[in-house]
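Take a walk through this fold, strand by strand. Start with the sequence and the model below.

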Amino acid sequence: MRWALVKVSLAVTAMVVIAFAVPLGLVVREMARDRAFSGAERQAATIGPTLTVTTDRTALTRAVLSTDPGGRGRLAVHVPAAAGEPGARRLEIGTRRAGEADLEGVRRSGRALVAEVPGGFALLQPTALGSGGIAVVEVFVPGAEVSRGVTTAWLTLAGVGIALVVGSVAVADRLGVRMVEPARRLAGAAQDLGEGRLEVRVPEEGPAELRSAAVAFNSMADQVVQLLANERELAADLSHRLRTPLTVLRLNAASLGEGPAAEQTRAAVEQLEREVDTVIRTAREQRPQTRGPHGGAGCDAREVIRERMGFWSALAEDEGRAVRLAGAGSPVRVPVARQELAAALDALLGNVFRHTPQGTAFAVDVHHSGYAVIVLVSDAGPGIADPGAALARGSSGHGGTGAVGSTGLGLDIVRRVAESTGGDLRIGRSVLGGTEVRLRIALDGARREGDRRGHRLGRRGGRRRYRNADGAFRKGRSRAPRAGPGAPGAPLEPGRRAEAEPGR
């Protein structure tokens with residue numbers, strides 16, 4: 001549309017300029033010609049009074065030389081021979097440029113004539129003599145005099161025309177931008193919204209129609225965000241409300257011993273767990289996945305971790321599990337919605353309770369760098385035989401990930417949360433001897449390998465790296481305990497509720 005407006009403006013302005021500039025240029029040329037010949041007529045008229053008085057060569061020569069064109073050799077007088085005087089000859093004063101035929105034609109017709117001669121034009125003006133004859137006064141007009149000022153006028157007209165065309169194109173382009181940019185932003189925002197970037201909004205700018213469209217789009221986007229927020233809350237609420245009672249039921253069913261009633265109870269609990277997994281998975285798959293770095297939604301990761309640890313600590317105390325929470329003292333913002341981070345943590349902690357024996361200790365460590373927040377969930381269970389299969393979408397394994405035959409929804413939820421920010425999810429061996437699930441949430445959404453190497457808490461050569469309080473890495477044996485209760489590798493206190501340790 002922008003270029004169409006520019007082309008239309010260019011065509012219209014060019015036609016207007018041509019329609020006015022060409023006739024005006026012709027008029028200027030005619031005016032210059034008329035001005036030159038009018039001056040020549042006035043100069044020829046100055047000889048008229050002398051011709052009516054005398055035809056003497058000396059007097060006429062003096063009169064011709066006294067004029068400006070005569071002094072420059074541009075004025076000539078042609079006096080015919082006197083009729084009835086034998087031997088009389090025609091008198092010519094000055095330089096003749098016109099042809100004999102033109103002179104005779106002017107004498108017979110008695111009308112002035114402009115004849116083209118080498119170097120310009122000759123104005124032939126008839127003048128009556130006192131003796132009754134017709135003399136012809138010839139004034140030479142150079143070609144430069146006829147076209148004087150025409151070239152300058154034409155250049156001026158061309159410059160004005162070009163300025164008008166350029167100005168109209170610039171104005172049309174600005175108008176096109178004012179019309180096209182809001183439409184382009186609206187189209188881009190609609191595409192972004194379709195791709196899941198729910199925070200996108202359109203500035204209410206431009207013409208009235210586009211402003212109305214922008215208002216309607218923003219209102220629609222707000223409604224979509226509200227609907228998805230309600231859906232997330234329902235799914236998260238369902239997960240929070242049913243996971244823990246189901247875990248308690250499963251643990252209680254395991255203590256019923258053997259017998260038909262016990263087997264039926266365990267089978268019913270397992271069926272109920274599968275149904276809950278199906279409901280939650282269906283609810284999550286039916287909504288578009290928002291992107292963490294662009295979503296604008298964020299939360300305090302350590303606040304959410306402390307809250308969920310407080311929730312699960314009650315069940316851990318009932319089962320005699322030792323619990324430790326470290327690194328959750330200082331607030332840190334992550335680009336993940338609070339409900340999504342809580343669902344991911346519940347999935348990780350729920351797997352510990354589901355797939356490790358009662359009394360198995362577990363710990364949650366939080367590490368914060370300038371680029372990412374890393375959450376380590378470790379347990380002292382049997383571990384995972386195949387971590388790669390446990391991370392595969394729709395798969396599950398033993399020891400802190402999921403039972404054989406489960407949907408694998410828990411780690412899938414966690415992985416989606418990590419990948420939505422540019423982070424990742426990994427499984428390895430913990431310092432407690434069991435499984436360690438490593439959730440890395442990128443703070444800037446960067447996926448550069450250099451950042452991953454520079455800010456990864458991993459193992460190299462049987463040694464594990466930790467962060468000091470000043471943010472620098474330090475190395476130590478992966479199983480070496482640190483002094484003080486609650487330190488990684490230190491003995492855990494059975495039945496102790498999670499307490500935050502200052503961030504490292």
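Is strand 4 (residues 120–128) mostly covered or mostly open? Strand 4 is mostly covered, with seven of its nine residues buried. Buried means under 20% relative accessible area, exposed over 50%, and partly exposed in between (1.4 Å probe, protein chains only). Strands (E, at least two residues) and helices (H or I, at least four) are DSSP runs numbered from the N terminus.

A word on the source. This is a predicted model, in which local features need pLDDT of at least 70 and side-chain atom pairs count only at pLDDT 80 or more, while totals for chains, interfaces and linings use all residues. Residues are numbered from 1 along each chain as its sequence is written, and side-chain values use heavy atoms, leaving out hydrogens and water.

Stay with strand 4 and look at its partners. Two strands pair if DSSP finds at least two bridges between them. Strand 3 (residues 113–117) runs antiparallel to strand 4, joined by five bridges. Here L113 has L124 as its bridge partner. The two strands form a hairpin with two residues between them. G119 sits in that turn, with a positive phi of about 90°. Strand 5 (residues 134–142) also pairs with strand 4 in the antiparallel sense, over nine bridges. Q125 faces V137 of strand 5. This hairpin leaves five residues between its strands, and G132 in the turn has a positive phi of about 100°.

Now move to the open sheet. Its five strands follow the order 7-9-10-12-11, with mixed pairing. Strand 7 (323–326) and strand 11 (424–429) are the edges, each pairing on one side only. Neighbouring strands are turned by 15° against each other on average, direction ignored. Axes are lines fitted to C-alpha atoms, for helices over the stretch in contact, and angles run from 0 to 180 degrees between N-to-C directions. Six bridges hold strand 11 to strand 12 (residues 435–442), antiparallel. In this pair, I427 stands opposite V437.

Helices pack here too. Helix 11 touches strand 7, strand 9 (362–368) and strand 10 (372–379), and its direction makes about 175° with that of strand 9. Contact means heavy atoms within 4.5 Å. Helix 12 (residues 338–355) lies across strands 9, 10 and 12, at about 20° to strand 10.

Helix 11 (residues 301–319) contains R308. R308 counts as buried because its relative accessibility is 6%. Its side chain makes a polar contact of 2.9 Å with that of D346. Such a contact is a pair of N or O atoms within 3.5 Å; within protein, one must be able to donate a hydrogen and the other to accept it, and residues adjacent in sequence count only if both atoms are side-chain atoms.
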